[in-house]
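Hello,

Here is the structure I promised to pass on to you. Have a look at it first, and then read on for what turned up in it.

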Amino acid sequence: MTTFLLNIVNILQHRVVTAILRLPNLQAIEHLIMAIFIYALLALVTGFKTKFLTFAVEQNWISISRVTFTALLAPAISEEILFRVLLLPHPEENHGVNYVLIWVLISLLTFVIYHPVNGFTLYTAGAKTFTNPIFLLLATGLGISCIYLYLDSGSLWTPVVFHWLIVVVWLLCLGGSTRLTP
């Protein structure tokens, strides 16, 4: 049993170190830019059509700075390490397609379910938003995009940039802060 746990810890440690140290190449950056445009188009159409999104641009520089910095740590870096790097096999592990697909589904489901659980436990001010079907649809799209970017690049940094940018724009420009404030 101890050897099994040590092997798991070693695999997870290797995944984290590899994902942090691997910088995205030009193709990964191109895929990141493409993912941003595709997600933005789909999210904006869905969000405005359902009135989940509203134009509400933050003007306070202290709030802008705080959101910009904190969103990088949580949710971007912390959630990408947890839901992508730790759960998904790193591309260099060379697992079969079925194995990867199982972990993709586990990663996506835990990422989406995490939000309502977070709203009911740690961040109760967000419960109404984190259980909103449109939010969960957009979170699913975010999760799919981040999974693709991670598996495409093997780098932590492409899904982190994507996740961070989407959250910051939502919070500072599209009514997210208002939805998460009690």
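Let me begin in the interior, with two aromatic residues: both F135 and W170 are buried. Please keep in mind throughout that this is a predicted model. F135 sits in helix α6 and W170 in helix α7, so their pairing ties together parts of the chain that are 35 residues apart in sequence. Their rings form a tilted pair, with 5.9 Å from centre to centre and 45 degrees between the planes.

These two rings also belong to a wider group. Ring pairs link F52, Y123, F130, F135 and W170 into a cluster. If you click on F52, you can follow its surroundings: leaving out residues up to four places away in sequence, F52 touches G47, T129, N132, I134, F135, L138, W170 and R179.

**The nonpolar core**

Which residues touch the most other members of the largest nonpolar core? They are Y39, F52, F135, L142, F162 and W170, out of 42 residues in that core. At least two core residues come from each of α1, α2 (26–49), α3, α4, α6 and α7 (157–173). The largest share belongs to α6, which supplies 10 residues.

**Another aromatic pair**

The count of aromatic pairs comes to nine. One of them joins F83 and F111, whose ring centres are 5.5 Å apart; their planes stand at 75 degrees, so this pair is edge-to-face. F83 belongs to helix α3 and F111 to helix α4, and the pair links distant parts of the chain, 28 residues apart. Both F83 and F111 are buried.

**How the helices cross**

Helix α3 (residues 61–86) is a good one to follow here, since it takes part in both crossings described below.

- With α6: the axes of α3 and helix α6 (residues 133–153) come within 10 Å and cross at roughly 65 degrees. This crossing is right-handed. On the α3 side the contact is made by E80, R84 and V85, and on the α6 side by G143, C146, I147 and Y150. Sorted by type, the residues of this contact are four nonpolar, one polar and two charged.
- With α1: helix α1 (residues 2–21) packs with α3 at an angle of about 115 degrees, the axes being 10 Å apart. Here too the crossing is right-handed. L12, R15, V16 and A19 of α1 meet I81, V85 and L86 of α3. This contact has six nonpolar residues, no polar ones and one charged.

V85 is worth picking out on your screen, as it appears in the contact with α6 and again in the contact with α1.

**Two buried residues with polar names**

Is S63, in helix α3, buried or exposed? Its relative accessible area is 17%, so S63 counts as buried. Not counting residues up to four places away in sequence, S63 touches E58 and L172.

H31 lies in helix α2. With a relative accessibility of 15%, H31 counts as buried as well. Setting aside neighbours within four places in sequence, H31 is in contact with Y148, L149 and D152. For a sense of distance, H31 and I102 are 71 residues apart in sequence, and their C-alpha atoms are 23 Å apart in space.

**Out in the loops, and some backbone details**

L122 is found in the loop between α4 (97–120) and α5 (127–130). With a relative accessible area of 74%, L122 is exposed. Its C-alpha atom is 27 Å from that of V9, which is 113 residues away along the chain.

Where do positive phi values turn up in residues other than glycine? One is K51, with phi near 65 degrees, in the loop between α2 and α3. Another is N94, with phi near 55 degrees, in the loop between α3 and α4. K51 is exposed at 65% relative accessibility, and N94 is exposed at 66%.

Finally, have a look at the peptide bond from A74 to P75, which is cis, with omega near 25 degrees. P75 is found in helix α3.

Happy exploring, and best wishes!

Note on methods: Residues are numbered from 1 along each chain as its sequence is written. This is a predicted model: local features need pLDDT of at least 70, side-chain atom pairs count only at pLDDT 80 or more; totals for chains, interfaces and linings use all residues. Side-chain values use heavy atoms; hydrogens and water are left out. Axes are lines fitted to C-alpha atoms, for helices over the stretch in contact, and angles run from 0 to 180 degrees between N-to-C directions. Helices (H or I, at least four residues) and strands (E, at least two) are DSSP runs, numbered from the N terminus. A crossing is left-handed if the near helix is turned anticlockwise from the far one by less than a right angle, and right-handed if clockwise. Contact means heavy atoms within 4.5 Å. Ala, Val, Leu, Ile, Met, Phe, Trp, Tyr, Cys and Pro count as nonpolar, Asp, Glu, Lys and Arg as charged, and the others, Gly among them, as polar. Buried means under 20% relative accessible area, exposed over 50%, partly exposed in between (1.4 Å probe, protein chains only). A nonpolar core is a set of buried Ala, Val, Leu, Ile, Met, Phe, Trp, Tyr and Cys residues joined through side-chain atoms within 4.5 Å. Rings of Phe, Tyr and Trp (its six-membered ring) pair if their centres lie within 6.5 Å; planes under 30 degrees apart count as stacked, over 60 as edge-to-face and the rest as tilted.
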